[in-house]
Number of protein chains: 2
Amino acid sequence: MVTIKDISRICGVSPATVSKALNGYDDISPETAELVLQTAKELNYTPNAAARLLKTNRSHNIGVLFIDDSMSGLTHEYFSHILNSVKEEAEANGYDITFISNNIGKEKTSFLQHCRYRNCDGVVIANVDFQNTEVLELVKSNVPVVTIDYSFDNASSVNSDNEEGSYKLTSNMIAHGHRKIAFIHGEHTLVTQKRISGYKTAMEDHGLEVPPEYISEAIYHDVDSVRKATAAMLDLPDPPTAILFPDDYAFMGGQAEILERGLNIPGDVSVSGYDGVNLAKILDPKLTTWEQDTDALGRIAVDKLIDRIENPRTAIPEYIVVKGKLFEGETVKQFS
Amino acid sequence: MVTIKDISRICGVSPATVSKALNGYDDISPETAELVLQTAKELNYTPNAAARLLKTNRSHNIGVLFIDDSMSGLTHEYFSHILNSVKEEAEANGYDITFISNNIGKEKTSFLQHCRYRNCDGVVIANVDFQNTEVLELVKSNVPVVTIDYSFDNASSVNSDNEEGSYKLTSNMIAHGHRKIAFIHGEHTLVTQKRISGYKTAMEDHGLEVPPEYISEAIYHDVDSVRKATAAMLDLPDPPTAILFPDDYAFMGGQAEILERGLNIPGDVSVSGYDGVNLAKILDPKLTTWEQDTDALGRIAVDKLIDRIENPRTAIPEYIVVKGKLFEGETVKQFS
DNA sequence: GAAAATTACTAAAACGATTTCGTAACTCCA
DNA sequence: TGGAGTTACGAAATCGTTTTAGTAATTTTC
């Protein structure tokens with residue numbers, strides 16, 4: 001590997017001068033700078049991030065904490081879109097991203113230790129169990145953090161508007177004449193709470209009753225659990241005419257159950273999903289859903305994190321809401 | 001941050017001794033070692049990867065090159081599964097993973113430079129344009145590389161058996177009595193070539209003709225292009241009774257076209273996809289497809305890479321084939 | 001034309017670890 | 001008891017870069 005020393009030897013200047021030339025300091029004469037730059041290019045010089053980091057304490061590396069065991073991982077379409085967006089925004093700003101696990105080498109440690117080990121300038125956290133002690137430890141540490149879809153008061157968070165999404169999906173059903181609207185939601189997280197709240201508010205605002213059996217819990221991204229919940233819903237003495245599902249993917253379980261009973265979508269049951277990333281649009285009929293702006297979610301998270309990293313004193317924690325929008329597919333029909 | 005020096009001061013031994021104790025060298029007395037370890041734990045010591053790397057020249061960091069602009073990115077279900085598997089296997093072996101882009105800071109450079117900059121011990125390459133000069137530069141460099149679904153002769157590669165997959169899917173159609181079988185394939189890559197070859201061989205082996213118009217090109221993961229190709233296929237004077245699609249996801253475009261024409265799957269047209277990661281199994285009817293073992297693909301790629309990294313002299317390039325298996329869904333019907 | 005200011009550079013320390021080589025102290029035997 | 005061998009440790013160099021403080025040489029200023 002060619003180093004600054006090689007360049008300094010060849011150019012007949014000191015390493016300090018080379019470093020300054022390379023970094024565009026202005027106490028280097030144009031001729032020297034030119035010579036150094038030229039030589040660096042000829043030798044195909046690449047700086048050494050580790051050495052640089054050691055001196056500057058800046059790794060230009062952002063940690064990504066995106067899963068823990070209980071969650072569905074990188075293969076979740078919604079999160080893979082966010083990850084993609086995080087990656088692109090980070091790269092556009094000169095940062096790399098590294099996944100944070102809770103081991104170093106083969107030793108078990110904590111997420112925080114891992115961040116320190118890799119000297120991450122900051123961390124984006126999403127799709128984890130935010131009650132997890134290791135996650136809390138990381139959030140409370142001095143490592144800059146931004147969370148997605150969850151909020152702590154000492155860190156910026158970027159949130160999709162779950163309450164509104166749910167409210168609008170419910171209202172959409174109501175606008176189509178439905179009055180018996182059920183909600184199969186995911187596990188009990190903050191996101192879920194907001195969605196339930198949005199659903200309930202929409203019902204209330206329109207003077208509609210919500211029988212407790214119209215709210216039922218399943219598991220996000222889990223087709224089987226949703227299928228079971230759907231079955232239970234349809235078995236009710238007074239079944240709903242419309243069902244809101246936890247997410248587009250899991251909806252497929254509900255769909256299977258509905259179709260198997262010889263019922264028709266949306267003829268007999270109107271349905272909607274949540275996420276709107278991709279699947280909804282290629283299904284036939286297209287699934288009405290709440291389209292989350294994953295692109296903005298990832299991008300803003302990274303922007304806020306970098307702001308926090310580069311302006312540690314002025315950047316203050318923000319609570320940011322990213323608007324989604326209703327995707328009107330073909331699964332909601334006027335109820336008559 | 002607490003460093004080795006802090007520990008050495010507190011324990012009254014030299015930094016050298018601390019380092020050795022921490023790394024389990026055997027020229028340290030049990031008592032000293034114990035003292036050091038204990039103190040390190042108390043102070044919550046975390047080693048500094050950068051400093052370590054600088055001396056040892058090992059980053060324990062694996063680069064992942066998974067996309068370039070022309071490809072569909074991390075959001076491709078097949079690759080997100082592979083990525084997940086790569087990540088887990090790497091972590092299990094004490095490596096972290098970092099995405100490789102072709103810029104450092106905000107300067108445009110090459111993938112290779114980026115790898116050097118971050119001192120990646122090795123790189124896993126998948127889902128890129130393998131003809132790209134930057135990719136070639138990386139593959140030809142001294143950075144250990146493993147490729148997925150493409151093979152260079154100086155690097156190990158892990159390949160799904162595209163020829164066999166295609167052969168079996170075709171044979172499956174034939175076994176169900178189909179004789180007019182069309183293949184809508186993806187862009188012209190090595191993977192595609194193999195699949196076409198498998199398809200043709202299967203047809204030949206069973207004494208079946210392949211009219212040129214039964215082979216048509218679309219774009220992987222692109223619903224619209226597949227829909228168009230399907231339309232063209234169905235418009236043929238003598239349309240096929242069975243169609244093989246490029247992948248499960250893109251199949252959705254074909255499905256839409258078929259259904260819109262009032263045709264039934266599999267009543268009127270039998271179909272199969274490719275990948276078998278997730279979607280196929282939640283569709284209704286379930287999509288017959290070739291199930292690739294993404295888990296093994298990622299895992300083996302990482303294992304081979306680490307082998308190459310840790311045993312540079314003995315590890316030789318291997319061409320590894322990972323078997324897939326037929327997933328028999330409900331979209332292939334006996335043709336009468 | 002001397003003092004002050006500017007310019008263009010360098011020496012050297014430092015970041016946090018690892019590793020080689022040396023050595024003092026102790027143990028072992030014949 | 002004295003030489004060989006072993007044990008447990010430390011000094012110091014080193015990895016590649018950045019940065020501070022200093023300094024010669026030049027230019028400016030009055």
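Contact here means heavy atoms within 4.5 Å. The model on screen is predicted. The tour starts in chain B, goes to the two DNA strands, and ends at single residues of chain A.

**Stop 1: α1 and α2 of chain B**

Select I4(B), I7(B) and S8(B) in α1(B), then add P15(B), V18(B), S19(B) and L22(B) in α2(B); these two groups meet each other. By class, this contact has five nonpolar residues, two polar ones and no charged ones. Now turn the view to look at the two helix axes, which come within 8 Å and cross at roughly 105°. Angles of 65 to 115 degrees count as roughly perpendicular, and α1(B) and α2(B) are therefore roughly perpendicular to each other.

**Stop 2: α2 and α3 of chain B**

Keep α2(B) on display and add helix α3, residues 30-43 of chain B; the two axes come within 9 Å and cross at roughly 85°. That crossing makes α2(B) roughly perpendicular to α3(B). On the α2(B) side, select T17(B), V18(B), A21(B) and L22(B); on the α3(B) side, select T32(B), A33(B), V36(B), L37(B) and A40(B). The residues of this contact divide into seven nonpolar, two polar and no charged. V18(B) and L22(B) of α2(B) take part here, and both also meet α1(B).

**Stop 3: DNA strand D**

Show DNA strand D and the 29 residues that surround it. The closest are I4(A), S19(A), Y45(A), T17(B) and T32(B). T17(B) and T32(B) were selected at the previous stop, in the contact of α2(B) with α3(B).

Which part of I4(A) lies 2.5 Å from a phosphate oxygen of DNA strand D? A backbone N or O atom of I4(A) does. At T17(B), look at the side chain: one of its N or O atoms is 2.4 Å from a phosphate oxygen of DNA strand D. For a base, go to K55(B), where a polar side-chain atom lies 2.8 Å from a base oxygen of DNA strand D.

Colour by element next. Two or more residues of the surface near DNA strand D come from each of α1 (4-11), α2 (15-22) and α4 (49-56) of chain A, and from each of α2 (15-22) and α4 (49-56) of chain B. The largest share, five residues, comes from α4(A). By class, this surface has eleven nonpolar, eleven polar and seven charged residues. On the DNA side, 62% of the atoms of strand D within 4 Å of the protein belong to sugar or phosphate, and the rest belong to bases.

**Stop 4: DNA strand C**

Switch to DNA strand C, which 29 residues surround. The closest are T17(A), T32(A), I4(B), S19(B) and Y25(B). Sugar and phosphate account for 58% of the atoms of DNA strand C that come within 4 Å of the protein.

Select I4(B) again: a backbone N or O atom lies 2.6 Å from a phosphate oxygen of DNA strand C. At N48(B), a polar backbone atom is 3.1 Å from a phosphate oxygen of DNA strand C. For a base, select K20(A), where a side-chain N or O atom is 2.9 Å from a base oxygen of DNA strand C.

The elements giving two or more residues to the surface near DNA strand C are α2 and α4 of chain A, with α1 (4-11), α2 and α4 of chain B. The largest share, five residues, comes from α4(B). Eleven nonpolar, eleven polar and seven charged residues make up this surface.

**Stop 5: three residues of chain A**

Go to E34(A) in helix α3, residues 30-43 of chain A. E34(A) is partly exposed, with a relative accessible area of 48%. Its C-alpha is 8.1 Å from that of A21(A), across 13 residues of sequence.

Next, select D161(A) in the loop between β7 (156-160) and α8 (162-175) of chain A. Is D161(A) buried or exposed? D161(A) is buried, with a relative accessible area of 16%. Leaving out residues up to four places away in sequence, D161(A) touches Y274(A), W290(A), V321(A), V322(A) and K323(A).

Finish at P211(A), in the loop between α9 (190-205) and β9 (215-217) of chain A. P211(A) is partly exposed, with a relative accessible area of 24%. Add A182(A): the two residues are 29 places apart in sequence and 8.8 Å apart in space, C-alpha to C-alpha.

Methods: Residues numbered from 1 in each chain as written. Chains lettered and ligands numbered in written order. Predicted model: local features only at pLDDT ≥ 70, side-chain atom pairs only at ≥ 80, totals over all residues. Heavy atoms only, no water. Near = heavy atom within 4 Å. Polar contact = N/O pair within 3.5 Å; in protein donor to acceptor, adjacent residues only side chain to side chain. Helix = DSSP H or I, 4+ residues; strand = E, 2+ residues; numbered from the N terminus. Nonpolar A, V, L, I, M, F, W, Y, C, P; charged D, E, K, R; others polar. Axes fitted to C-alpha atoms, helices over the stretch in contact; angles between N-to-C directions. Parallel < 35°, antiparallel > 145°, perpendicular 65-115°, else oblique. Buried < 20%, exposed > 50% of the residue type's maximum accessible area, 1.4 Å probe, protein only.
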